[in-house]
Amino acid sequence: MISKVYSTALVGVDGAIVMCECDISGGLPNFDVVGLPDASVKEARDRVRSAIKNCGFEFPLRRLTINLAPAQIKKVGTLYDLPMALAILVSSKQILAVPDDAAFIGELSLDGYLRQVSGVLPMVLAAKENGMKSVFVPIENAKEASAVSGIRVYAANHISKIIDHIMGKELISPCEETVFEHTRTFDGDYSDVVGQEEAKRAIVIAAAGGHNLLMVGPPGSGKSMLAKRLPSILPPLTYEEALECTKIYSVLGKLDSENPLITARPFRSPHHTMSATALVGGSSNPRPGEISMAHNGVLFMDELPEFHADVLEVMRQPLEDGVVTVSRAKGSATYPSRFTLICAMNPCKCGYAGFDDLRCKCTDNAIKKYWKKISGPLLDRIDLQIAVNMVEYSDLERKGKSKSSAEMAEEVSKARLLQQKRYEGTGVNCNAQLTSSLIQKYCILDDEANELLEMAFDRLSLSARGYDKILKIARTIADLDGSEDISADHISEAIQYRDFDRN
């Protein structure tokens, strides 16, 4: 008898439906698993055999074949233990057929207990999108699975509980839906940063429009403090954005079983010794990297020139496209990677060139060599480029008078609200994501502003991308002013934030 039990699979950070078919036929005892399984799926044979025996059922001593369809999808992980065990029990007529509108996910211990698996959220979303009415998961994955509305989630700690539910002996109660509530989790406030009002203005513009930012300044000028407080002024995650972020962390197995939803914008700060694979994702079985973990949030790269050149260059395409495709021998996957890049660096190896020339010990050639680590194409993709000067003593005396995160967050929130209304239905969330056609539609200049931008384009030798960046920044500055029109003043300020095009 052939039985069919539905389960799911992961393709990148998305789920797909998998049918687990079981056939028991005559011949010498054998247990085969086909359908492009990896080693962990093949090892399920021993776990399933022991779990069935230790739960009081009989494991059929005949030729047993499990097919995981469709065969073109690579099956990875231990989540197929549960559907395989149920399919065997149905084929051997020890339990009733399972519902064909339910999906089963879970790893089995040798005594039949269910263990937590990774990637449950995207798999439950796939089950819902493919018409499944219910899904059965390990109890540790209950809250994560319940974040998906419109599908019944049943959680159990043992396969016998699920079998009793199928047989109608003891029904499992559906889990309550996990409620999404945005949270702000950050250390520090911008009121802690004394002085640096120009840098704070650039931070507000970056947060309001989702723009990338590079800060260059001597040691101790406050670059890291400014960057690490950015989450305190970012707009809250929407439910859809929260699901996108949670899917990535779910695939990586980095969710808390008690609080599984990502409710605050991610802030990632990788060390400069990281590899290109760790940044964009990869390994033998492709997995998301740091740029995907920063999706809908911030990626902070401190000491930018200290990163290896190949690490910096692999960011160029994701910064433009908002996605990254990783191809390996065992398959390829596309991961979302739309993030705000915040970079900080010293002007030279010793850190004082151009800010305190008496303290700087670097030669001109050494300074040029240091800056060559940042390629032109990468620098061109960074919208805002500012110098962060050393703090004056007079600023340190005026403690408590600096603008707070709450005040800056209010400015950002108003600007983002204007953008959401303006770009509704276009798939664009902020000014940094504007396409060329949308720039032509929403970044219209008067004669004075156009003349100023033309002059800047010639004098700074801007690229077409640099031209678009200035228009996007000016659009954000106008939104912060509550203006629908982009004036010459907005263009003038936007040009000032291309410091390293001007120098």
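Me: Are α3 and α6 parallel, perpendicular or oblique to each other, and what is the orientation called?
Reply: Keep in mind that this is a predicted model. The axes of α3 (residues 81-91) and α6 (residues 159-167) cross at roughly 50 degrees and come within 12 Å. Angles under 35 degrees would count as roughly parallel, and 65 to 115 as roughly perpendicular. The crossing angle fits neither range, so the two helices are oblique.

Me: Which hand does the crossing of α3 and α6 have?
Reply: We're still on the pair whose axes come within 12 Å. As α3 passes α6, the crossing is right-handed.

Me: What kind of residues make up the contact of α3 with α6: nonpolar, polar or charged?
Reply: From α3 you get Leu82, Ala85, Leu86 and Leu89, and they meet Ile159, Ile162, Ile163 and Ile166 of α6. Ala, Leu and Ile go in the nonpolar class. With no polar and no charged residues in the contact, the tally is eight nonpolar.

Me: How many disulfides does the count come to?
Reply: A pair of cysteine sulfurs has to lie within 2.5 Å. For cysteine 22, the nearest cysteine sulfur is that of cysteine 20, 7.1 Å away. For cysteine 55, the nearest is that of cysteine 22, at 16 Å. Neither cysteine 22 nor cysteine 55 is in a disulfide, and the count comes to zero.

Me: Is cysteine 22 buried or exposed?
Reply: Buried means under 20% relative accessible area. Cysteine 22 has 1% relative accessibility, so it counts as buried.

Me: What about cysteine 55, buried or partly exposed?
Reply: The buried class stops at 20%, and exposed starts over 50%. Cysteine 55 has a relative accessible area of 22%, so the label is partly exposed.

Note on methods. Residues are numbered from 1 along each chain as its sequence is written. This is a predicted model: local features need pLDDT of at least 70, side-chain atom pairs count only at pLDDT 80 or more; totals for chains, interfaces and linings use all residues. Side-chain values use heavy atoms; hydrogens and water are left out. Buried means under 20% relative accessible area, exposed over 50%, partly exposed in between (1.4 Å probe, protein chains only). Axes are lines fitted to C-alpha atoms, for helices over the stretch in contact, and angles run from 0 to 180 degrees between N-to-C directions. Helices (H or I, at least four residues) and strands (E, at least two) are DSSP runs, numbered from the N terminus. Angles under 35 degrees count as roughly parallel, over 145 as roughly antiparallel, 65 to 115 as roughly perpendicular and the rest as oblique. A crossing is left-handed if the near helix is turned anticlockwise from the far one by less than a right angle, and right-handed if clockwise. Contact means heavy atoms within 4.5 Å.
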